[in-house]
Amino acid sequence: MKLPPLDYVCPATLAEAIAVLSAHGDTAKVIAGGQSLMPMLAFRLASPTLLVDIGRLPGLNRIEISEEGVELGALVTWRDIERDARLAQAHPLLAAAIAHVAHYQIRNRGTVGGSLAHADPAAEMPGIAITCDAVVIIAGPEGTRTVPADQFVLGGLSTILDHDEIVTGVRLPAWPKPRRWAFEEFARRRGDFALAGVAVFYDRDAQGLIRNAHVGVIGVADRPLRLTAVEALLDGQHLTADLVFVAAERARASVDPSDDIHAEAAYRRDLVGVLLERALARAGDLTLAEAA
Ligand SMILES: Cc1cc2nc3c(=O)[nH]c(=O)nc-3n(C[C@H](O)[C@H](O)[C@H](O)COP(=O)(O)OP(=O)(O)OC[C@H]3O[C@@H](n4cnc5c(N)ncnc54)[C@H](O)[C@@H]3O)c2cc1C
């Protein structure tokens, strides 16, 4: 379907963009890469009368790496992340997960801020943000606020953003070099949204015991989830094949996916266990045979 008739503005400053959004209420919508919004317009799943293009706002395509962590501006694209070799060191889990996002053309346009604001339950960026205790940076008429990623996403395609607020970036805490991690997902074709995905990281103490375990999943609920029961199981343990197996069972028991046109609930539930086995095996340098 063709797009509905729309007005379009391309503000030069963040303040101007927020003022336009404030003045137009729910009838205006931000557009960044357009890779989710354009299909929604074509399918009449969104019907704004004004598009506010933030693509030319200065300073939103920054990738900053410091002792505090990694900060990505809202206009950073998947391709920008892939091309920045520093990120593979500074945040390898982020780099690995974003490598799974979408197809080449979409990767050139799709943005970090757009993905967070769109809040697709199977999207990698919100999943990594929630798994890694990231904070989302938001600008609005009252100034700037930061919100933990797990509070930012309210559900499928739903966030705490007000109609006149703009995501300006996301901040991921520093990543210690010795940290163990893995990202595993399964999609029917490369670049499709994942049927499910699992992100794992943990640190190890002087005895080699797991500390600070973080386990996140995408694609199995209306939002990315942290599997806190699995994290509690892992913390304080040595990673062994037996523990991997028990953790996978606990992961299956921790999720409650629905049937949809892409997969049955039982399939997704089992997939989460399989992906967690693979992720833990990879993070801990165990072979899959050991973990089976
Ligand atoms: C075929 C296909 C496959 C895809 N596969 C994947 C995939 O595997 N994984 C994945 O994660 N994504 C996937 N995507 C989505 C893609 O990554 C999108 O680019 C991304 O989700 C949205 O980013 P965008 O910049 O294009 O946002 P837009 O489409 O411009 O906007 C999306 C929504 O966010 C709002 N918005 C955008 N930027 C901001 C901002 N800074 N502040 C406030 N609101 C904002 C818009 O108003 C709109 O509601 C796929 C898309 C397609 C078409």
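A polar contact here is a pair of N or O atoms within 3.5 Å. With that cut-off in hand, the ligand in this predicted model is a good place to start.

Ala32 makes such a contact through its backbone: one of its N or O atoms there lies 2.8 Å from a ligand oxygen. Val30 does likewise, with a backbone N or O atom 2.5 Å from an oxygen atom of the ligand. On the nitrogen side, a polar backbone atom of Gly191 is 3.4 Å from a nitrogen atom of the ligand. Taken alone, the ligand would expose 970 Å², and the protein buries 90% of that area.

As for where all this happens, the ligand sits in the largest pocket. Around the ligand there are 32 residues, and the closest of them are Val30, Gly34, Leu37, Thr111 and Glu124. In terms of secondary structure, strands β2 (28-31) and β10 (166-173) each bring at least two residues to this shell, and so does helix α7 (112-118). The biggest contributor is α7, which puts five residues into the shell.

Turning to the aromatic side chains, the count of ring pairs comes to one. There is also a charge sitting over a ring: the charged end of Arg179 is placed over Trp175, 4.8 Å from the centre of its ring.

Key: Residues numbered from 1 in each chain as written. Predicted model: local features only at pLDDT ≥ 70, side-chain atom pairs only at ≥ 80, totals over all residues. Heavy atoms only, no water. Phe/Tyr/Trp six-rings, centres within 6.5 Å; stacked < 30°, edge-to-face > 60°. Lys NZ or Arg CZ within 6 Å of the ring centre and 35° of its normal. Near = heavy atom within 4 Å. Polar contact = N/O pair within 3.5 Å; in protein donor to acceptor, adjacent residues only side chain to side chain. Areas by Shrake-Rupley, 256 points an atom, 1.4 Å probe, with all protein chains shown as cover. 1 Å grid on protein atoms, 1.4 Å probe; cavity = no way out; pocket = protein on both sides within 12 Å on 5 of 7 lines; lining within 4 Å. Sits in = over half its atoms within 2 Å of the grid points. Helix = DSSP H or I, 4+ residues; strand = E, 2+ residues; numbered from the N terminus.
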